[in-house]
There are 4 protein chains.
Amino acid sequence: MGAEIREECGVFGIYAPGQDVAKLTYWGLFALQHRGQESAGIAVSDGREIKLHKGMGMVAEVFSEEKLNELSGFIASGHVRYSTTGGSVPLNAQPLVFNYKQGSIALGHNGNLANVAELKKNLLARGAIFQTTTDSEVIINVIAQYAQTDLVEGILKAMVDLKGAYSLVIMTETQLIGVRDPWGFRPLVLGQFKGGYVLASESAALDTIGAELIRDVEPGEIVVIDMDGLKSFKFMQGIKPSFCIFEYIYFARPDSIINGYHVNTVRRKMGQVLAKEYPVEADLVVPVPDSGTAAARGYAEASGIPLEEGLMKNRYAGRTFIRPSQKEREIGVRLKLNPIREVLKGKKIVVIDDSVVRGTTSKQIIELLKEAGAREIHLLLSSPPFIRSCYYGIDISNEDELIAAKLNLEETKNYLGADGLYYLSLEGLLGIFKNRDFCLACFNGDYPVPIT
Amino acid sequence: MGAEIREECGVFGIYAPGQDVAKLTYWGLFALQHRGQESAGIAVSDGREIKLHKGMGMVAEVFSEEKLNELSGFIASGHVRYSTTGGSVPLNAQPLVFNYKQGSIALGHNGNLANVAELKKNLLARGAIFQTTTDSEVIINVIAQYAQTDLVEGILKAMVDLKGAYSLVIMTETQLIGVRDPWGFRPLVLGQFKGGYVLASESAALDTIGAELIRDVEPGEIVVIDMDGLKSFKFMQGIKPSFCIFEYIYFARPDSIINGYHVNTVRRKMGQVLAKEYPVEADLVVPVPDSGTAAARGYAEASGIPLEEGLMKNRYAGRTFIRPSQKEREIGVRLKLNPIREVLKGKKIVVIDDSVVRGTTSKQIIELLKEAGAREIHLLLSSPPFIRSCYYGIDISNEDELIAAKLNLEETKNYLGADGLYYLSLEGLLGIFKNRDFCLACFNGDYPVPIT
Amino acid sequence: MGAEIREECGVFGIYAPGQDVAKLTYWGLFALQHRGQESAGIAVSDGREIKLHKGMGMVAEVFSEEKLNELSGFIASGHVRYSTTGGSVPLNAQPLVFNYKQGSIALGHNGNLANVAELKKNLLARGAIFQTTTDSEVIINVIAQYAQTDLVEGILKAMVDLKGAYSLVIMTETQLIGVRDPWGFRPLVLGQFKGGYVLASESAALDTIGAELIRDVEPGEIVVIDMDGLKSFKFMQGIKPSFCIFEYIYFARPDSIINGYHVNTVRRKMGQVLAKEYPVEADLVVPVPDSGTAAARGYAEASGIPLEEGLMKNRYAGRTFIRPSQKEREIGVRLKLNPIREVLKGKKIVVIDDSVVRGTTSKQIIELLKEAGAREIHLLLSSPPFIRSCYYGIDISNEDELIAAKLNLEETKNYLGADGLYYLSLEGLLGIFKNRDFCLACFNGDYPVPIT
Amino acid sequence: MGAEIREECGVFGIYAPGQDVAKLTYWGLFALQHRGQESAGIAVSDGREIKLHKGMGMVAEVFSEEKLNELSGFIASGHVRYSTTGGSVPLNAQPLVFNYKQGSIALGHNGNLANVAELKKNLLARGAIFQTTTDSEVIINVIAQYAQTDLVEGILKAMVDLKGAYSLVIMTETQLIGVRDPWGFRPLVLGQFKGGYVLASESAALDTIGAELIRDVEPGEIVVIDMDGLKSFKFMQGIKPSFCIFEYIYFARPDSIINGYHVNTVRRKMGQVLAKEYPVEADLVVPVPDSGTAAARGYAEASGIPLEEGLMKNRYAGRTFIRPSQKEREIGVRLKLNPIREVLKGKKIVVIDDSVVRGTTSKQIIELLKEAGAREIHLLLSSPPFIRSCYYGIDISNEDELIAAKLNLEETKNYLGADGLYYLSLEGLLGIFKNRDFCLACFNGDYPVPIT
């Protein structure tokens, strides 16, 4: 289940004189809410001063009309966050706003550094202090060390030191700056809006405010937007791009366009490839909503097997933090998914989901389907097996919890109670794209940046 | 758009010695959240005393693990509410708990009385006082007047006076009682759970806690559950059942079973009938998610035209109460729906939704689709035109806001900017069911109970 | 310690066209905060409709500038509440606003009925229902039964039935009504303000808003204020007034004037009488702040013994609900009172407080004083011993917890660890006043109204 | 009115294995609440890790029993804060907890640096970044620069650079450290508690938890407490101590002992000196409660004029943030103080308060007293006139708002509407103490540390 994997952040920035940039950022973050539900923040500059409001919770919980009205200005940057490290504490909410020698900076970060320990050690030895355990505070310190005279030059120097994933939206009193690491691990797009510019983790955020997608910020690129317009700086290092393929498989909104690929279309093609690789004989194709919906459509189209909604989703799922007690163990996944007996009874079904992580949810779903009368259940995943952890901004379980790292295919199938278990092949997956500039570490252990 | 219509309540009750009934009610209400997001409440009896917690907001906001733990007992009743009348105030949250001559009662109500003014007048003349403007407080008073010696007899007498829609879950210190008005306007089902019983507005709530659906509580029936098991009392009055057909069209969860009909299947058939009635030539069938999804599937199947997700929904839509300002008018429906240019460009499309109320949202959606490049747009609705208000528990707009009451088909089509506009016929709709025991007042003005 | 005794309510009402009555009521309640810290509420009428806001907590917690601005009108009534019965629940907060046959009413109540059980029984037998366990809801029902044609006539009839303590501020859409029971148990004063009128539990609330005290509302009187001015109705029953003497001893603000007596002056006289009755030889007079401050002044003046602040009060005392744990038992009363060693060391002291209830706090204070080096401690109380419970609106402990009801003087002295223990005599107390129209039940068991 | 002057902070620290240090710190902060009501925080170490909870509001609002229970350990440090600079924002709440090269540190600070601008400039030039605008963050950075190998050595070096007022409580994973600047501007005391040690801004906090006062931490002293007991390091610089005399005049609790002087006794002596300097003929001495209470007692004793409580204080004053509107201007100070006509009428009175700042409140009080009938009003202040601002941790108004800096004595008297106006002389004030080691800058402009 993709639901067991969590993206760590979404960033947004806008430079638009004459517009209500705080509110536009609010809408932008609202469109990026799926990338982080733990905290949200918006910083705004009016050219002289940076004002900030942030807090724990979803965008709609953190901001009121009143709070937004207090944030007047013409540049804004926003952030939504989910975090695995450092705990879920207010201090870690972003954007981080700080003063350095040249003035004030707000920084929003999506990604994780691979060499953070080493960087921090050096900084501590120079007398630096840290209030959070976030990589982002380390990034700020590295930049501040180098930015004594010019911020962009400071960022360029810092990029030599920073190894790992970082899509940044930086704001000063007068500039909006977008930065993407040379590997391009995490997405970052550039758009145009009423004479101004927008930066966002995904193009769907541009659509929401009515901005037009120009292009992706390129790996290793710095874009600087101010009253003189847009300038681009490129950090050249001969590094092969390594875009996180999991954005296509699960994270990104289906209506986003990344590197020119429409995410929903890619997911549908995954289903089509699955149908070619595993032409299971079945009565029905049943998607696990919503993560398996698009791939299931593709499988049904390619196979000719009818698609049926055999699992209905409670649209409020995810809003409760109360967990069923031991006594209520059977409730489990039912809070989220309801199997439709009328559809499933006596049927041989192909169930499509995006991935299996620990296997516990998949096991519960298969049990639900069986209880509802499904005669034969084949689980097809639109991704290869997860066998390694991610260090570039995604929260998968530890390696020792990954079922595919512990059990072989047959064992996994038995554990899950499925009659068949099929993973999309890595080749099949890559075949959907024109090039192979992806980070595939979670599938094959090839980490583009070594972890220190 | 169904989104402009609001159900006024959901009820839940459970009698289950040895179970954590408060928590089970929490899960039950969670499954009924779509029927009311304004307030939520749970009352629990341990045989001697009724404890209550309720508040404004969604189920997950009102209850914490701690609050639920304080509610120990073996009978529970719960309620979720959305209200048009009496304002959105804490006082109106349900269950209402009160003392009457025989002890304590908790009452949760779904529906609206048609003769509430007359009943209230009589009660006031007897010296009764009212703290809320809810029908439910009137119902309680009527019952209390008659229940001097026996509660069930009191309820039977009260049912002679109460005209209109009321599905009630009543709890005393020792009993759980389900009541459905003789017309059966609103749903109420009975289930079994680990030696106990469950009452709920919809069967999906039974599924969620792992209870088994026994049957619908019948129109005019009282079911009494206590330590002696279940007893049924029937209120006979030769009244023709008038179930709200809009539960099938929009309100009820797709995975609920009402009167033996699986809601999702009914919706799909609506699409199939639409395809027969209006065989539009088009490239694509595009559902308005989520209200038009099932009917669109049906239309696609029957017509052979491929279904495409041309409108993507932000899954957090509905969580923000901040509205776009005048300046941001173009944002409008984009917060909720994102049109996919790649899918829509140059295409002749059939758009399927459940209904049109004021027409404002439909107009915005059609504009979005046009901007995204759709060449021809035919809007098909899986319900007949709304021309009258509802007085039985649903919040449609006033009659003078209903577009179909003001404009004819051609005018409406022009207003919406559609190239075609087609409503499912009333005959076509009824043809899906075996009988015609429905309230159709909103379509044809035949009000089963006169409004006083 | 007076601190162990709690007043149950404060009421306020204002009729003042052209004034911001909600805010004036806010200030009035702020001045009455000592009479109830559990909940607060304000109802306002603009001549057509009654608006209400109330909540749990202190006045300043319940109301914001915004909330007050929403309450526009020219009549207002407010209430602060502390409750012993019915638990501390939002439902019980006042004013209670309800509809009856003639329109709407807001009611705020200070006091307790003695015959509430009987009244409630009769009402239940007529089919009445109750949502709270407050006497106030019973009062409303009794009034509503009688007020079918005229409210004031209804109140007059109700007063025949209502036995016990009730100072009421009642508001309709167009009238402000003050009611005081024939015994006059609890205070209620009438004032003038800029062409309008004010009702309040104490005159200090009039002072705060700059209103002028006219007189006390008399026992058995109804004052009706509307556009025709002020009318008075008197309920004659030959009942001897029985004003709660404890208002003078502890409850009322020192700056209030009740029945023509300035409270602070009365308290000082109590100290003077104490000095005459018990001319203890001592080095210092030490007040227990703030409850014993005025009497200590009086004692010092009459005895010539110097007054010293040997116990300092933390002015934030009372704001924490966290209790010291077992391990921290010695912290106890120190959170509130700090003994000054420099002042106390080696001294023979007279400690003055208003009363002893359970004795636990007095015992702790005496221990503190000893640890701080006091050589001899004589505890003098400005009231006779408490031996009976109150049923008219004050929360003293149950009789079996009252130390003076369990132990004789010598035993009590030993329990407390005092070298001397002296209570003001009843005769001495009454001698301060010109008449003897007091309820003295808590001292002598003479209950003016029998409890049923 | 002292009420117009605000202390900026209170600090507390405890090292006590086997005790519930979080709760003890809670009580300690509760006793120091008068030194800062804006935010509160507690950090606790269990020897391995520092846990922190802080928030906006009073101690009792920020901490719950549950929160305190989460803070387990044997060392704790706490802070209450009021701030003039940097705004009232959560980020500025203390203790600040940060990581530096040697581990973690929590820091609580009372005071203000005089050379913060210069220090910050140097740090920025080294690449330091700042998230707050507090002096405290600067102090941390300076210490971290020097503490690469040993913390205490780092602090000693930092003290050479830090000019101004700083009483610090510093906590590492294993140590509790108290630091007081060489001038000793702000108080800091050391106490003993059950085999452990306590640090606090005032001795009243020791009393509250039952700890014993050992001595003041000396100007320029560092005390280090850990498993080896207590060590003292002294920073020698030949600096003359400059204790803030305003702690005696207004800030400190009357029950605190500072430098061996009992604060309440000092205040009473101020009144006695006033009586000698200004033997006004009057009928009554009336204190402005609570700030003038002790001095009024002294004046009455020395002059033989009787003390009367002619102004009563609402004990909830200070809890509302709603301000009277223009229309309600006459309410003003009445919310806090109520003049007693019975006491004041026709009398010639001496009114005693601690100080006059802007004069607005004093003017209102004199108006109140006149309206209540006072015939002649002489205002006596227990401090010399304020003519300069404070840069060492107290928030007086800007110099241009200080009435004594703008008007001469006669003009001030006329502005206030008093019949007489008398300030305690500086000589008279200093005569109370054995030495003259005070900062008197606010009275005479002699700033012990130059402001840069």
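How many residues does the contact take from chain B, and how many from chain C? In this model, which I should say at the outset is a predicted one, the contact takes 20 residues from chain B and 20 residues from chain C.

The size of an interface is often given as the accessible area lost when the parts come together, so let me turn to that figure for this pair. Between them, chain B and chain C bury about 1800 Å², and 52% of that area lies on carbon and sulfur atoms. If we look at the chain B side, the residues that lose the most area to chain C are B:Asn99, B:Ile129 and B:Gln131, and together these account for 32% of what that side buries.

As for the polar side of the matter, there are zero salt bridges between chain B and chain C, whereas five residue pairs are in polar contact, counting pairs with both residues at pLDDT 80 or more. The elements of chain B that each supply at least two residues to the side touching chain C are β6 (96-100), α4 (116-125) and α5 (135-146), and the residues of that side divide into 11 nonpolar, six polar and three charged.

Now to pairs that do not meet. Chain A and chain C have no contact, with their closest C-alpha atoms 12 Å apart, and chain B and chain D do not touch either, their nearest C-alpha atoms being 12 Å apart.

Finally, a word on chain A, for which the domain assignment gives domain 1 (2-241) and domain 2 (265-315 + 324-433); the centres of these two domains of chain A, taken over C-alpha atoms, are separated by 35 Å.

Note on methods
Residues are numbered from 1 along each chain as its sequence is written. Chains are lettered from A and ligands numbered from 1 in the order in which they are written. This is a predicted model: local features need pLDDT of at least 70, side-chain atom pairs count only at pLDDT 80 or more; totals for chains, interfaces and linings use all residues. Side-chain values use heavy atoms; hydrogens and water are left out. Contact means heavy atoms within 4.5 Å. Buried area is the accessible area (1.4 Å probe) that two parts lose on being put together, summed over both. A salt bridge is a side-chain nitrogen of Lys or Arg within 4 Å of a carboxyl oxygen of Asp or Glu. A polar contact is a pair of N or O atoms within 3.5 Å; within protein, one must be able to donate a hydrogen and the other to accept it, and residues adjacent in sequence count only if both atoms are side-chain atoms. Helices (H or I, at least four residues) and strands (E, at least two) are DSSP runs, numbered from the N terminus. Ala, Val, Leu, Ile, Met, Phe, Trp, Tyr, Cys and Pro count as nonpolar, Asp, Glu, Lys and Arg as charged, and the others, Gly among them, as polar. Domain bounds come from an automatic or database domain assignment.
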